[in-house]
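Me: Could you take a close look at one part of this structure with me? I would like to go through its charged pairs.

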Amino acid sequence: MNNEEGTTLIPADKATGESRSSLISNFSNLDGVFLFFFCMITDYSIILLIKGGHLSGTSSYQSLVQSTFGFPGFLILSGLQFLYPFIAMISYNITTGDTLTKVFQRIPGVGPDHILAERHFVILLSTILFTMPLSLYRNIEKLGKVSFLSMVLTLTILVIVVIRAATLGPQIIPTENAWAFAKWNAIQAVGVMSFAFICHHNSFLIYGSLEQPTLANWSRVTHVSVGSALIVSAVFAVAGYSTFTGYTQGDIFENYCRNDNLATFGRFCFGLSIITTFPLECFVTREVSDAFLSRDLSRAEHVSITLLIVAVCTAISLAYDCLGVVLELNGVVSATPLIFIIPSACFLKLSPGPWFQSENLIPIALILIGVFVMITGLIMTGLYPQDCSHGVEMFYCADANVSVTVPPRNYGSFIQTTSVCGARQLRLPL
């Protein structure tokens, strides 16, 4: 695998890695339209960002903003660039704890009271054995093979979700108006998409790692990466939502029953994929610290900062376990400005001639859309946060030995509970 091929995988994995669960719980027909146009916007703004670097003669996101908006702009961007991957790492740990505990419980002798079924222990274990050592790499190119592994795992999970859509989906009664064209909270999905598709905070790093870092090569890498992320994310969203409709959780694997062996294998792949994606975000947070010091970190500083970042992320993820809210807040607060507002604002200021010329109309529109998504998304997330049923078996699962969620009152004239293996099916009158 050459340099260019390896770095093509990184942004693609970055997008698909987070979208596989986060997009599904906020899905409607209108959201499908949003997803398509959002990918076009992401593709455009990533290329626009590198164009801004060419116009300003800079080679990093932070230096681009500093040359355009001075030190205040540099501080704002640095805060956002640090906050986004930092919160992303918290969400990765939450997902690891939610996912791998269910995997371990399928091991004979490991019950709900076993230490391997304790999310805090699993998070600490995965941090010490995997995410911390991988995060200590200093060169992002060395993560190319790790990113490739994560991409393979993503495709494996995709196959599992599609299979379960065909086998489990018909046994779960859809919620009322499950396939309405638009829902009142559709705008929340845009915040989640922002979280899922952002690659801007590490775009200059990836651009610099190309064998031939030209705008033409970068455009090709971006088109392939974002295009593949769109396809995978769309299939995930449609297959996952069609299976569970309105009962879909922020983490899709929270919806599958504990005794589903295929879903257990999917959980294992999902957890491993998340673990291998974690170091990419840690790399970016460390680069922000490097930029503040205005020099390369010594080995001792590199290790110390990495340990501090990972330790704080782990501590927060141990204390909070609701994934959906974390994804939405990170999307609207951190990702939306990095995708919509800042690249467009830099390009407008660096572009010669008046603002209202034809080539500037799209950047102006992106700024207005970004501001709208931020304000509306924050309000919607605060007023209508996603449900969080961490560690609770869903009501349609047949295992009566575990606590289960209760179906909503409007579920219909009957509840259908089912063994995902198809062994039995009960219809209980209300």
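With which residue does Arg164 form a salt bridge, and how far apart are the closest N and O atoms?

Reply: Happy to! Please keep in mind that this is a predicted model. Arg164 pairs with Asp260 in a salt bridge, and their closest N and O atoms are 2.6 Å apart. Arg164 sits in helix H5 (residues 144-167) while Asp260 belongs to the loop between H8 and H9, so the pair ties together parts that are 96 residues apart in sequence. Both partners, Arg164 and Asp260, are buried.

This bridge belongs to a set of three in the structure. That same loop, between helix H8 (215-244) and helix H9 (261-293), also holds Glu254, whose partner Lys102 lies in helix H3, 152 residues away. The closest N and O atoms of Lys102 and Glu254 are 2.8 Å apart, and these two residues are buried as well.

Helix H3 comes up again in the remaining pair: Arg119 forms a salt bridge with Asp98, with 3.9 Å between the closest N and O atoms. Because Arg119 is in helix H4 (residues 119-135) and Asp98 in helix H3, this pair ties together parts 21 residues apart in sequence. Arg119 and Asp98 are both buried.

For some nonpolar context, the largest nonpolar core has 80 residues, and Tyr61, Trp218, Tyr256, Leu338, Ile342 and Tyr396 touch the most other members. Helix H3 (residues 61-104) gives the most to this core, with 13 residues. Apart from it lies another core, of six residues, including Leu100, Val103, Phe104 and Ile275.

Key: Residues numbered from 1 in each chain as written. Predicted model: local features only at pLDDT ≥ 70, side-chain atom pairs only at ≥ 80, totals over all residues. Heavy atoms only, no water. Core = buried A, V, L, I, M, F, W, Y, C linked by side-chain atoms within 4.5 Å. Buried < 20%, exposed > 50% of the residue type's maximum accessible area, 1.4 Å probe, protein only. Helix = DSSP H or I, 4+ residues; strand = E, 2+ residues; numbered from the N terminus. Salt bridge = Lys/Arg side-chain N within 4 Å of Asp/Glu carboxyl O.
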